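The following exercises concern one protein chain and are to be worked with the sequence and the structure at hand. Each task is followed by a solution in steps.

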Amino acid sequence: MSALETSAPVERSSPTDTDASPQVPGRRRWWVWFTAGLLVAGAVTGNAALITQMSDREPVLVLARDVPWGQPVSGDDVRATDLPAEVGTFAVRETAQAGIVGQVAGRNLHAGDLLAPSDLATQAVPGPGQRVLGLRLEPGRYPARGLAPNDPIAVHPAPDESTSSASGTHEPGGQEFSARVVRASPPDADGAITADVLIPESTAPAAVEAAVGGAQVSLLGPPQR
């Protein structure tokens with residue numbers, strides 16, 4: 001008998017016993033569930049706040065297009081938009097639209113601006129004791145940026161070139177006066193503009209002189225406090 005025949009048979013383990021993955025005790029991934037719970041709670045809270053906010057809105061008026069100072073407001077100049085109800089405390093509500101048509105812009109109103117009651121005036125331009133006068137201004141006699149409605153200006157009547165002193169100099173112009181621009185035309189072919197200015201009756205003589213003989217206009221800053 002050979003040695004191979006006399007040796008004891010070798011036991012081999014089955015493939016299922018050696019290849020199986022070691023058993024790992026299950027772990028509770030509590031943080032996953034905790035995070036998921038937080039996300040769900042946050043989403044529910046956010047949606048509830050959004051729904052509450054949307055339900056607490058009301059239509060107010062905003063400007064659909066520019067309205068210069070002194071011009072009457074028409075129904076086409078405004079449109080309604082829904083905003084939080086708190087805005088209605090300082091904005092014109094849509095329900096008041098009929099009442100603001102025909103009122104005058106108290107400042108230059110720009111498209112997209114919220115319309116507030118303080119932006120409107122019932123006083124038309126010109127009011128009692130006022131005039132609107134047209135001034136033709138040659139190039140170089142008004143600011144390079146042009147003139148806009150509601151601009152405060154100082155008007156300097158041009159010297160009278162038809163009269164000269166003994167020394168050959170022109171007589172000085174009339175008295176300077178203050179005015180406010182109502183509107184201004186675009187420059188014509190010569191670069192000149194025509195500005196409608198609002199003046200009090202007391203300055204009418206000087207304003208007429210400036211309108212006839214020409215004038216220089218300078219832009220005024222805000223009043224000093």
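**Exercise 1. Classify the two partners of the salt bridge between Arg 107 and Asp 119 as buried, partly exposed or exposed.**

Solution.
Step 1. Asp 119 has a relative accessible area of 6%. The limit for a buried residue is under 20%, so Asp 119 is buried. The model from which this value is computed is a predicted one.
Step 2. For Arg 107 the relative accessible area is 30%. This value falls between the limits of 20% and 50%, so Arg 107 is partly exposed.
Step 3. The closest N and O atoms of Arg 107 and Asp 119 are 2.8 Å apart, and a salt bridge requires a distance within 4 Å.
Step 4. Both Arg 107 and Asp 119 lie in the loop between strand E3 (104–105) and strand E4 (120–121), twelve residues apart.

**Exercise 2. State how far the prediction can be relied on along the chain, using pLDDT.**

Solution.
Step 1. The mean pLDDT of the protein chain is 82, and 78% of its residues reach 70 or more.
Step 2. Among the elements, E10 has the highest mean pLDDT, 94, whereas helix H1 (residues 3–6) has the lowest, 46.
Step 3. Residues 1–6 have a pLDDT below 50, and this stretch has one contact in the model beyond near neighbours in sequence.

**Exercise 3. Derive the strand order of the open five-stranded sheet and identify the strands at its edges.**

Solution.
Step 1. The protein chain has five helices and eleven strands. Five of the strands form an open sheet with antiparallel pairing, in the order E5-E10-E9-E6-E11.
Step 2. E5 and E11 each have a single partner strand; they therefore stand at the edges, and one side of each is left without a neighbour in the sheet.
Step 3. From one strand to the next, the twist averages 40°.
Step 4. The pairings can now be followed across the sheet. E5 and E10 are antiparallel and joined by eight bridges; within this pair, Val 132 stands opposite Leu 198 in E10.
Step 5. E9 and E10 run antiparallel and are joined by four bridges, and Val 181 stands opposite Val 197 in E10.
Step 6. E6 and E9 are likewise antiparallel, with four bridges between them. Pro 152 has Arg 180 in E9 as its bridge partner.
Step 7. Helix H5 packs on the sheet and touches E5, E6, E9, E10 and E11; the direction of H5 makes about 25° with that of E5.

**Exercise 4. Which elements supply the largest nonpolar core, and which of them gives the largest share?**

Solution.
Step 1. The largest nonpolar core has 19 residues. Those with the most contacts inside this core are Leu 137, Leu 147, Ile 153, Val 155, Phe 177 and Val 197.
Step 2. At least two core residues come from each of strand E5 (130–137), strand E6 (152–157), strand E9 (177–184), strand E10 (193–200), helix H5 (204–213) and strand E11 (215–219).
Step 3. E10 gives the largest share, four residues.
Step 4. Ile 153 illustrates the packing: beyond residues up to four places away in sequence, its contacts include Leu 147, Phe 177, Val 181, Val 197, Val 217 and Leu 219.
Step 5. Another core, of eleven residues, lies apart from this one; among its members are Val 67, Val 78, Leu 109 and Leu 120.
Step 6. In soluble globular proteins, nonpolar side chains tend to be buried together.

**Exercise 5. Examine the salt bridges of Asp 188 with Arg 136 and of Arg 145 with Asp 151.**

Solution.
Step 1. The count for the model is eight salt bridges.
Step 2. The side chains of Asp 188 and Arg 136 meet at 2.9 Å, N to O. Asp 188 lies in the loop between E9 and E10 and Arg 136 in strand E5, so the pair ties together parts 52 residues apart in sequence.
Step 3. Asp 188 is partly exposed, at 33% relative accessibility; Arg 136 is also partly exposed, at 39%.
Step 4. A network of salt bridges links Arg 136, Glu 138 and Asp 188.
Step 5. In the salt bridge of Arg 145 with Asp 151, the closest N and O atoms are 3.1 Å apart. Arg 145 counts as exposed at 52% relative accessibility, whereas Asp 151 is buried at 10%.

Note on methods. Residues numbered from 1 in each chain as written. Predicted model: local features only at pLDDT ≥ 70, side-chain atom pairs only at ≥ 80, totals over all residues. Heavy atoms only, no water. Core = buried A, V, L, I, M, F, W, Y, C linked by side-chain atoms within 4.5 Å. Buried < 20%, exposed > 50% of the residue type's maximum accessible area, 1.4 Å probe, protein only. Contact = heavy atoms within 4.5 Å. pLDDT = per-residue confidence, 0-100. Pairing = 2+ DSSP bridges. Axes fitted to C-alpha atoms, helices over the stretch in contact; angles between N-to-C directions.
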